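Reader: I'm new to this one, and I'd like to know the reasons behind the labels. Can we go through them together?

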Amino acid sequence: MPVSFFSKLFGGGSQQSSEEAQPAGARIDRRSSGLKEFKRNIAGQEGLSILDLGSTSATNIAWLTDLGHALYTEDVLSAAWDPALQIAGEDGKPTVNVGRFLTENMKFQGRSFDAVLCWDVADYLPEPLVKPVVEKMCSVMKPGGTLLAYFHTRDAGPDAPYFRYHVIAEDMLQLQATVRNGSPQFRLQRVFNNRHIENLFREFASLKFFLARDNVREVIVIR
């Protein structure tokens, strides 16, 4: 029987998970060619170690463990926007304490991963954390491992809703908007074009793009 590894949010600490802390919106079905490719890349294998960097989802946990894989979850965005990480930069403007973030988060106790569900985390991260988080993912992925990431296009707009992603079939997701005080839980911070994405993952072996109809680029990245 595969072992499921859970992040600190499942460890009984005082911090609430984003699923508990945020109102849940209605779920919207969405097809994903990138998810289908991700599933194809892990098909026929058992006992893989998979990292999910999005908001916690019981649906995703069940889907991956039923396939015989071990899952580790880390809600990176909730950690990245923790007010305790805010410090004053050299210009006096608020910024993020990158060293503290890396010390307190994404600590995998020597584990390495066969696949990563990155979702659209990079679009919502504070700018100083984008490169360190991607470098961390690269360092903990096994050679040949698969990463699935989504990137908004410019047409999505700055008020694009923030979704929790639930996998319900090999090419089908349910998107669940989460809000805080009537606004998206996290705000879109930037828009990457294809060249930016290629540069972001320049240490990886290959990238494959899928352009969806809802102003989102889906990317399969191979370590």
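Reader: What makes Glu 127 count as exposed or buried?

Author: This is a predicted model, so the values are computed from it. Exposed means over 50% relative accessible area. Glu 127 has 53% relative accessibility, so Glu 127 counts as exposed.

Reader: And why is Arg 190 called buried?

Author: The cut-off for buried is under 20%. Arg 190 has a relative accessible area of 13%, so Arg 190 is buried.

Reader: How do you know that Glu 127 forms a salt bridge with Arg 190?

Author: The rule asks for a side-chain nitrogen of Lys or Arg within 4 Å of a carboxyl oxygen of Asp or Glu. Here the closest N and O atoms are 2.8 Å apart, so the pair passes. The two partners are 63 residues apart in the chain: Glu 127 sits in helix 7, and Arg 190 in the loop between strand 10 and helix 8.

Reader: Which residue does Arg 187 meet in a salt bridge?

Author: Arg 187 meets Asp 159, at 2.6 Å from N to O. Since the limit is 4 Å, that counts as a salt bridge. This one also links distant parts of the chain, 28 residues apart: Arg 187 is in the loop between strand 10 and helix 8, while Asp 159 is in the loop between strand 7 and strand 8.

Reader: Why is Arg 187 called partly exposed?

Author: Partly exposed covers what lies between 20% and 50%. Arg 187 has a relative accessible area of 36%, so the label fits. Asp 159, at 56%, is over the 50% mark and is therefore exposed.

Reader: What makes Arg 30 and Glu 218 a salt bridge?

Author: Their closest N and O atoms are 2.7 Å apart, and the rule allows up to 4 Å. Arg 30 is in strand 1 and Glu 218 in strand 12, 188 residues apart. Both Arg 30 and Glu 218 are buried. Asp 214 joins in as well, as Arg 30, Asp 214 and Glu 218 are linked in a network of salt bridges. By this rule the count comes to 9 salt bridges.

Reader: What is unusual about the phi of Gln 109?

Author: Most residues other than glycine have a negative phi. Gln 109 is not a glycine, yet has a positive phi of about 50 degrees. Gln 109 is found in the loop between helix 5 and strand 6. With a relative accessible area of 58%, over the 50% cut-off, Gln 109 is exposed. Asn 181 also has a positive phi, of about 55 degrees, without being a glycine. Asn 181 lies in the loop between strand 9 and strand 10, and at 79% relative accessibility counts as exposed.

Reader: Which residues line the largest pocket?

Author: Among them are Lys 131, Glu 135, Phe 192, His 196 and Arg 202. The lining has 6 nonpolar, 2 polar and 4 charged residues. Helix 7 gives the largest share, 4 residues. About 220 Å³ of space lies in this pocket.

Reader: Where is confidence lowest, and where is it highest?

Author: Confidence is lowest in helix 1, with a mean of 42, and highest in strand 6, at 98. pLDDT also stays under 50 over residues 1–6 and over residues 8–23. For the chain, the mean pLDDT is 88, and 89% of the residues reach 70 or more.

Terms used: Residues numbered from 1 in each chain as written. Predicted model: local features only at pLDDT ≥ 70, side-chain atom pairs only at ≥ 80, totals over all residues. Heavy atoms only, no water. Helix = DSSP H or I, 4+ residues; strand = E, 2+ residues; numbered from the N terminus. Buried < 20%, exposed > 50% of the residue type's maximum accessible area, 1.4 Å probe, protein only. pLDDT = per-residue confidence, 0-100. Contact = heavy atoms within 4.5 Å. 1 Å grid on protein atoms, 1.4 Å probe; cavity = no way out; pocket = protein on both sides within 12 Å on 5 of 7 lines; lining within 4 Å. Points joined across faces, edges and corners; volume = space filled by probe spheres on them. Nonpolar A, V, L, I, M, F, W, Y, C, P; charged D, E, K, R; others polar.
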